[in-house]
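Hi,

Here is the structure I promised to pass on. Have a look at it first, and then read my notes below.

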Amino acid sequence: MKSIQRSLSLGLISVLLLVGLLLVQTSLWLFEAGLRRNLASDLRAETEGLLLALVQGREGFKLDSSRLNPRYQRAFSGHYFRIDLPDRSWRSRSVWDAEPQWPTANGLADALVDGPQEQRLLSYRAEYRRDGQAIAISVARDYTPILKSFAQVRLGGLGLVGVALLVFLLLQRYAVRLAMRPLERARQQIAQLQQGQRQQLDIRAPVELQPLVDQINHLLAHTDDTLKRSRHALGNLGHALKTPLAVLGSLTRREELAALPELQAGLREQLDQIQQRVSRELGRARLAGEVLPGGYFHCEDELAALFETLKMIHRRELDLRWQVPEGCRLPWDREDMLELLGNLLDNACKFARSAVSLRIERTTDGYLIRVEDDGPGIPEHRREAVLERGIRLDERAEGHGLGLGIVRDILAAWNGRLALSQSTLGGLQAEVYLPTQTRGKAGGV
């Protein structure tokens, strides 16, 4: 899944890195261009000073060493010159035995040239006429210390860019978290909506999220209204069919049909199936309509009353126990939970010898319900058959086997699962898993 935070971070890093590198390199380029202009002025001043060091003698021009800067006398000092006349030339002692590549065009050379001892030289050439004679003066200065300074500045600039990137990333993460807080609140409200703690999302939201919140609330209201109308219509249809079905049932018992026992039995069987199907579909419609449950199932309050009812119904000595987490509240409709637990516990009481236990545990994404008894149990190879509708293993007991009709419908509506296994008490264990994050989806037993 693509992360918004990662995408924003990568985009910010790319932009800031590009901008930072451009700023560092552009700043260095502009600084070096200004520095070279200043050095060109200095080098031109040096050529003029060397021109003054040329004096007229009996044999023509000669170089007066007393007028030279002492740095031209020190070997490899980084300051060099060459003076060219038509008939003679001079060069500084500082160049020693090396011969740099002197510029041939007037002005500051475009490129650095190699000098002695791996020096990089910035050179300048100027031409003059004195006493009718052409004089060309070239000077050069070691540019290596400046290059090293630029390298250090560039490295420091990259370090500053890295620090700035880190600071901007931290600020960006903080800003994104602040911006995402409304989405996190919306997510929490949707989870509360799913668990029945609220009916709609909070209408107070940022301007960017307000249309989404309004649309979700409108969809919730429309869906709830539609399902309520559908459930109400199905209920009306079921009640409308009860009277005709009752009339047909009485007609099947008339004396005219006594002479046709096979026809009478067939009609009764078909009427029973119609009544069962109508009742079942009405129950499924009621379950489907519970998009937003009316309230929690408070375990401690509801289970105490349910177990008292079971003791009154079965009227024999049974050790009925239940264990739930403190303050346990199940986020499902109260009536549906009573039907689910009532069917499972009633079945356990029918077949138990002396003990029935109920245990509810909270898992990471739902609830686990275990109903156990110390009855005869069910052989492992026949447990799958018991889960089929209408299958009974003990015809002498009242009821319909495990009574899984409404249990199957409830678990299908809640995407729950039912599994049968051997109980630690010696009988049967019915284990129900109810997820809290997939309510409303289709599922199975």
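About 27000 Å² of the protein chain is exposed, and 55% of that area comes from carbon and sulfur atoms. Keep in mind that this is a predicted model. Of the 445 residues in the chain, 37% are buried. You'll find 8 helices and 15 strands as you scroll through. If you take the contacts with a separation of 6 or more, 60% of them are between residues 24 or more positions apart.

Two spots caught my eye, so to speak.

One is D142, which sits in strand β8, a run covering residues 133–142. D142 is buried but has no salt bridge. The nearest side chain of opposite charge belongs to K148, and that is 7.9 Å away. What the D142 side chain does have is a polar contact of 2.9 Å with the side chain of T144. Setting aside neighbours within four places in sequence, D142 also touches G78, Q119, R120 and L121.

The other is on the surface: V163, V167, F168 and L171 make up a nonpolar patch there, with about 360 Å² of accessible area together. F168 belongs to helix α2, which spans residues 144–194. Is F168 buried or exposed? In between, as it turns out: F168 has a relative accessible area of 41%, so it counts as partly exposed. Patch members need over 30%, and F168 clears that with its 41%.

That's what I have for now.

Cheers

Conventions:
Residues are numbered from 1 along each chain as its sequence is written. This is a predicted model: local features need pLDDT of at least 70, side-chain atom pairs count only at pLDDT 80 or more; totals for chains, interfaces and linings use all residues. Side-chain values use heavy atoms; hydrogens and water are left out. Helices (H or I, at least four residues) and strands (E, at least two) are DSSP runs, numbered from the N terminus. Buried means under 20% relative accessible area, exposed over 50%, partly exposed in between (1.4 Å probe, protein chains only). Lys and Arg count as positive and Asp and Glu as negative; His and the chain ends are not counted. A salt bridge is a side-chain nitrogen of Lys or Arg within 4 Å of a carboxyl oxygen of Asp or Glu. A polar contact is a pair of N or O atoms within 3.5 Å; within protein, one must be able to donate a hydrogen and the other to accept it, and residues adjacent in sequence count only if both atoms are side-chain atoms. Contact means heavy atoms within 4.5 Å. Patches are made of residues with over 30% relative accessible area and no salt bridge: like charges are joined within 9 Å, nonpolar side chains (Val, Leu, Ile, Met, Phe, Trp, Tyr) within 5 Å. Accessible areas come from the Shrake-Rupley method with a 1.4 Å probe; for residues, only the protein chains shown count as cover.
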